[in-house]
Amino acid sequence: MKKIFIFSVVATLISSASFAKIWRVNNTPGVAADYTTAQLANDNILVLSGDTLHIEPSTTNYGNLNMSKRLTVISTGDFFGSNPTVQYSPLAARLTTVTISNVNANNSVLHCNITSSLFITGVVNVRVERCHIEGLITLTNASGIIILNNFLYAVGISTNSSNIVLTNNIVEYYVDMATTASAIISNNVIKAFAAGSTTFQIYNSTFRNNIINKSGYTVTFFASIIENNLTSTTTLPAGNGNQNSVVMTNVFVNPSGTDDISFRLQTAVANPATGAGVGGIDDGAYGGTTPFKPGLQPAIPAIYKMSAPVTPSGNTMNLTFSTRSNN
């Protein structure tokens, strides 16, 4: 059992100087932690802001979290089958639904896995980074929201949401906006692998360096800058570096894949996405100054390998740890 949880424990110790107070959340029977659910931690922490919740590896979902305080919520990353060396524990930690609608939660940070939806309503300056979110992200009356380096199902930027930054994400299905919303949408892979046809709208935004992978996806733009994007269909306006009818087998390692590393740019043939972005950067989630991080590891130190003797020598046992910073 010690092997399973050592990633979170040691990462907590190493990073403790960076945060106000760190609380361990673990729902595995027999493991001593501060709380068994993230909601209990949120509700019982006395300070209003600045603490960190470490959601530790588990076979059991941690349930819903309705945030009423400014918190940093960190779990484990994901896609360990495709990225087997990113951390020592083979288990992920997952929440079900996360809601941020209390202004006391302004300036919160999420680095966590969510199996359902994320609702961000009426708050400002929330950062969502290196998360795997399997349901819809909905932004309503929100401002200053940064969504960076995530693996997402879909994003809805709804009423009166402004100053939204959506960059270097892999989006399974769609990004859609309300007429009163605005955003910078750059270096994403959109409709990465979801099936079915859909139409989405982009309003009042900058839409650049993105790759729309699958067909059946129609985009309509209003009062927006559209430049240096690629699509397999004919949905992009001509000019400004946009490329329609691109053969995606020339772009991705595996355009039919369903994991994060499938959407790296392939190098076996001349790639139309290489250097095709504004300023000569690569298009897609792995391009630019903040490229996607495989395995979605949070930006804290992690143990990715450990070796120990089969039996101790006397009363001692020497352990060897290999760590990485994950910055």
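## Confidence

pLDDT is the predictor's confidence in each residue, on a scale from 0 to 100. In this predicted model, local features need pLDDT of at least 70 and side-chain atom pairs count only at pLDDT 80 or more, while totals for chains, interfaces and linings use all residues. Residues are numbered from 1 along each chain as its sequence is written, and side-chain values use heavy atoms, with hydrogens and water left out.

The protein chain has an average pLDDT of 88. Of its residues, 84% score at least 70. Two stretches score low. Residues 1–19 stay under 50 in pLDDT. The model still gives residues 1–19 43 contacts (heavy atoms within 4.5 Å) beyond four places in sequence. Residues 301–308 are also below 50. That stretch has 44 contacts in the model beyond near neighbours in sequence.

## The chain as a whole

The protein chain has 327 residues. It holds two helices and 26 strands. Both kinds of element are DSSP runs numbered from the N terminus: helices are H or I with at least four residues, strands are E with at least two.

Of the 327 residues, 53% count as buried. Buried means under 20% relative accessible area, exposed means over 50%, and partly exposed lies in between, using a 1.4 Å probe and protein chains only. The protein chain exposes about 13200 Å², by the Shrake-Rupley method with a 1.4 Å probe. Carbon and sulfur atoms supply 53% of that area. Among contacts between residues at least 6 apart in sequence, 39% join residues at least 24 apart.

## The parallel sheet

An open sheet is built from 10 strands with parallel pairing. Its order is β1-β2-β4-β7-β10-β12-β14-β17-β20-β23. Two strands pair if DSSP finds at least two bridges between them. The edge strands are β1 (22–25) and β23 (225–227), each paired on one side only. On average, neighbouring strands of this sheet are turned by 10° against each other, direction ignored. Such axes are lines fitted to C-alpha atoms, and angles run from 0 to 180 degrees between N-to-C directions.

At one edge, β1 runs parallel to β2 (residues 49–55), and four bridges join them. R24 lies in β1. It stands opposite H54 in β2. R24 counts as buried because its relative accessibility is 18%. The side chains of R24 and E56 share a polar contact of 2.4 Å. A polar contact is a pair of N or O atoms within 3.5 Å; within protein, one must be able to donate a hydrogen and the other to accept it, and residues adjacent in sequence count only if both atoms are side-chain atoms.

## A buried serine in a loop

S75 sits in the loop between β4 (70–74) and β5 (94–95). Its relative accessibility is 3%, so S75 counts as buried. The S75 side chain reaches the backbone nitrogen of N113 at 3.2 Å.

## Two positive phi angles

Most residues other than glycine have a negative phi. N163 has a positive one, near 55°. N163 is in the loop between β13 (151–157) and β14 (164–167). With 55% relative accessibility, N163 counts as exposed.

S245 also has a positive phi, near 55°. Its place is the loop between β24 (230–231) and β25 (302–307). Is S245 buried, exposed or partly exposed? S245 is partly exposed, because its relative accessible area is 48%.
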